[in-house]
Amino acid sequence: MSEIQASKEAPILEQPEEQLQKPSIENALERKSFFQAALPVFACGAGLFSDGYINNVIGSVNTTLGRQYGETFTKSRAKDVVASVAFAGTVLGQLIFGFTSDHWSRSHSLVTSTVILIIFTALAAGSYWHGNAVGMFNILAAWRFFVGIGIGGEYPAGSVGCAESTGELKRGTRNRWFILFTNSMIDVGFVIGAFIPYVVAAACHNGHYETIWRTSLGIGVVFPLILFVLRLRLKEPEEFAKESMRRATPYSLVLKYYWFRLTAVSVIWFLYDFSAYAFGIYSSDILSSIYPEGSPLTTIFGWNTVINLFYIPGTILGAFVSDWIGPKYALIFGVSAQAIVGYIMAGVYSSISKHVAAFAVVYGIFQALGELGPGNNIGLLAAKTCATGVRGRYYGIAAAVGKIGAFAGTYAFPAIEKLGHGKTQSAQYPFWVASSLALLSAAVAFFCLPNVGQDTISEEDRKFRAYLESKGWDVSQLGLGKTDSEEASIGQTENIAEKNITEKSQ
């Protein structure tokens, strides 16, 4: 809105003819409020709430299933599969919707993934197999795989559209709004995913285990239903309308230009998710190991909620830090500080684990620093370090590699714990490993990634377009065809007009 205000203060007689030619566009721009500009950013990015909720609530669901079915569940393969199979679906969804968001439509891809998410989350909550427990575990795992596909669509379609829509917001604030409507929504999902089982367990007086886990899963349908309504009104982002590679993609040139950057982003995302999701899923198990066997579920879930609450200050503070010093250096600072706290926590675990409140606070700080660093910024860097025409695929590949890390972490962390001799070492080892991986992430980011500014998307498009021209590729193939939606064209025209008005006022 600052650009619009500047145009109002410019001399009225400077270029009267052009101003008279476009009065309706200027009036439309003047009427555009912050809410109107931010709503598409929210509608695109906020679906990641479901990623946080569905992937975190399963930790509490696993704990509850263990209480309900005992060794039938805890000593079965289902215990690990139910927790991790959604990641396999998410990888597939990220790759599929990464392609469709570039070759079909950002908005339609997003609506499709939302429908998948709603249907299969509801089916997971109602999992049943002729009264057979093992059969029910298998059905639950199958539905969660398809839930993962829906979640996967939120990454390339939702986050990419969110990043492109931030161009309509005020310079100096774009990074924070992207973060607040993407990673912060994941973190809110993590908190709610820990809190809902606590509330349901309290309402059930720590009994009625089936009600606890089915209700906790079923509530995950509510938020996608709300977003579904908002997303039906979404338009294609202006940058996508101008720079889309829907008609043709020179894959050899794209790979030659972006392979190194994509590899660096993917490695950091893998390392972050390897630790972050494993800690999130097994946090209630970690807490249950501190408490005596048979402790009430409300006690375990309550402290799990406290730990997850630390995500929120980490991601909110980090959103502003990303605007102040840039995503690259915010990532490096956050992940380095997290490594230090993790090493300290591992070193003093034997004493701090005797005091649950102290353990929860330090563990929470460890998680918060992870959000301030890579949690907030890796998605932002993935969305803004490539050209619009391939952004869905680029982002989808990087996010898929990250989810492979999460999938690997859910299997690796129990194995890492088993390497320890005794209860204390088993708990220390994951923190030693996670802290070491955090330092590796900082090194990769420092040496391999560019910093991202407020106008990086448009600048990256210009650089990539120039590169394609230098290689003899016909850039007239960029953009949406004439048969595409009129709304996208109108949105593009209005945004171009806004930029022209800004240039004249400066």
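Contacts in this predicted model are mostly long-range: taking pairs of residues at least 6 apart in sequence, 88% of the contacts link residues at least 24 apart. The fold is built from helices, 24 of them, with 0 strands. Of the 506 residues, 58% are buried. The accessible surface adds up to about 20,300 Å², and carbon and sulfur atoms account for 65% of that.

Now for the inside. In soluble globular proteins, nonpolar side chains tend to be buried together. Here the largest nonpolar core holds 104 residues, and the members touching the most others are Tyr-155 and Trp-269. Helix H9 is the top contributor to this core, supplying 13 residues. A separate core of 22 residues sits apart from it, including Ala-337, Ile-352, Tyr-363 and Ala-412.

Tyr-155 deserves a closer look. With neighbours within four places in sequence set aside, its contacts include Trp-269, along with Tyr-277, Tyr-395 and Ala-399. The list also takes in Leu-48, Val-160 and Ile-186, plus Asp-51, Gln-94 and Lys-403.

Helix H12 spans residues 209-218, and its buried residues are Ile-212, Trp-213, Arg-214, Ser-216 and Leu-217. What do these buried residues pack against? Their partners are five helices in the list H5 (48-69), H8 (106-125), H9 (133-165), H11 (183-203) and H16 (297-309).

Loops can be buried too, and Thr-249 is a case in point: this residue falls in the loop between helix H14 (238-243) and helix H15 (251-290). Thr-249 counts as buried because its relative accessibility is 15%, and the cut-off for buried is under 20%. A polar atom of the Thr-249 side chain lies 3.2 Å from the backbone oxygen of Met-245. Beyond residues up to four places away in sequence, Thr-249 touches His-103, Val-254, Val-390 and Arg-393.

On the outside, there is a nonpolar patch made of Leu-317, Trp-324, Ile-325, Tyr-329, Phe-446 and Phe-447, which together expose about 710 Å² of accessible area. Helices H17 (311-325) and H22 (423-448) each provide at least two of its residues, and H17 has the largest share with 3. Trp-324 is located in H17. Is this tryptophan, Trp-324, buried or exposed? Trp-324 counts as exposed because its relative accessibility is 58%, with the cut-off for exposed set at over 50%.

How values were computed: Residues numbered from 1 in each chain as written. Predicted model: local features only at pLDDT ≥ 70, side-chain atom pairs only at ≥ 80, totals over all residues. Heavy atoms only, no water. Buried < 20%, exposed > 50% of the residue type's maximum accessible area, 1.4 Å probe, protein only. Helix = DSSP H or I, 4+ residues; strand = E, 2+ residues; numbered from the N terminus. Contact = heavy atoms within 4.5 Å. Areas by Shrake-Rupley, 256 points an atom, 1.4 Å probe, with all protein chains shown as cover. Core = buried A, V, L, I, M, F, W, Y, C linked by side-chain atoms within 4.5 Å. Patch = residues over 30% accessible without salt bridge, like charges linked within 9 Å, V, L, I, M, F, W, Y side chains within 5 Å. Salt bridge = Lys/Arg side-chain N within 4 Å of Asp/Glu carboxyl O. Polar contact = N/O pair within 3.5 Å; in protein donor to acceptor, adjacent residues only side chain to side chain.
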